[in-house]
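Welcome! Here are a few short exercises to help you find your way around a new fold. Please have a look at the structure first, then work through the steps.

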Amino acid sequence: MKALKRFGQNFLFDKNILALIISRANLQNNDFVLEVGAGHGVLTRALLEQNISRLYSIELDERLRPELEELEKNESTLKIFFDDAVKFDYEKLNPFPNKIIANIPYNITTPLIWNLLKFSEHGLKYHLYMLQKESALRIIAPPDTKERYPLGITIEAMGHASIVKNVSRNCFRPIPEVDSAIVEIVIEKNFELANDDLWSEILHKGFSQRRKTLLNNLKNFHDINDILFSLNIDKNIRAEDLTSEEWLKIYHNVKNPSVN
């Protein structure tokens, strides 16, 4: 079956990489796992071999329905949903997944991961993604680097992320134009943060014009000059230069002015 560019489809076929993903996820019989992008079911079948409690798999491409429904019919722990993973109603999953393992198309990386972080309070705290290498580097980018952006800062504020392995483009069919990386995200704290509209607004406005200073980008927030001064943060600094701890301090001070 021909991969569709509009779906960002590149199917993993390298068995060594597949084995690494399964090993890294450390799956147990009490795990409820979410898979995004079942494709031809290569990863799906490998997950089902791990004796997990339940596997939810979301696939957008209706052309794959016959083979995936045939797989579902023979696997009592598998539930397939044909839907858009970015718009999917995850609330209806019961029991709720505690782990997600997915090969994510580049064009939905940021909105999908940000959306899934919102379910940390539901118990979804372990994420293992195959991402385009550029996306992976942005997620783990430290302060003072141009790759740093709101999603990476949010993950840093909620836990930690690391690149498990860089993956050659030759591990996929059709061969994409870029290399990939396996990224592990573990959520350990601030479980409500991704759901907080104020947190998102502060971060995205801070990065709205990268060449401008933090003070200029956040000038619409009341007393931001005083807040930065009280936190000993240089008002001429740029958004990408701050640590997640500094972003959290700004957020808490904007949310609770009495803290100043």
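**Exercise 1. Find the helix that lies across β5, β6, β7 and β9, and give its direction relative to β6.**

Keep in mind that this is a predicted model. Start at residues 15–25, which form helix α1. Follow this helix over the strands: β5, β6 (126–132), β7 and β9 (180–187) lie along its path. Helix α1 runs at about 155 degrees to β6. Now turn to helix α3 (residues 65–73), which also packs on the sheet and touches β3 (54–59) and β4. The direction of α3 makes about 155 degrees with that of β4.

**Exercise 2. Work out the order of the strands in the open sheet, and say which strands stand at its edges.**

Step one: read off the order of the seven strands, β4-β3-β2-β5-β6-β9-β7, with mixed pairing. Step two: look at the ends. β4 (78–82) and β7 (159–167) each have a single partner strand, so one side of each has no neighbour in the sheet. Step three: pick one pair. β2 (residues 32–36) and β5 (residues 99–103) are joined in the parallel sense by four bridges, and Leu34 stands opposite Ile100 in β5.

**Exercise 3. Describe how α4 and α6 meet.**

First, the axes of α4 (residues 109–117) and α6 (residues 150–158) come within 10 Å and cross at roughly 25 degrees. Angles under 35 degrees count as roughly parallel, so this description fits α4 and α6. The crossing is left-handed. Finally, check the residues: among those in the contact are Trp114 of α4 and Met158 of α6. The contact residues divide into seven nonpolar, two polar and no charged.

Conventions: Residues numbered from 1 in each chain as written. Predicted model: local features only at pLDDT ≥ 70, side-chain atom pairs only at ≥ 80, totals over all residues. Heavy atoms only, no water. Pairing = 2+ DSSP bridges. Helix = DSSP H or I, 4+ residues; strand = E, 2+ residues; numbered from the N terminus. Contact = heavy atoms within 4.5 Å. Axes fitted to C-alpha atoms, helices over the stretch in contact; angles between N-to-C directions. Parallel < 35°, antiparallel > 145°, perpendicular 65-115°, else oblique. Left-handed = near helix turned anticlockwise from the far one by under 90°. Nonpolar A, V, L, I, M, F, W, Y, C, P; charged D, E, K, R; others polar.
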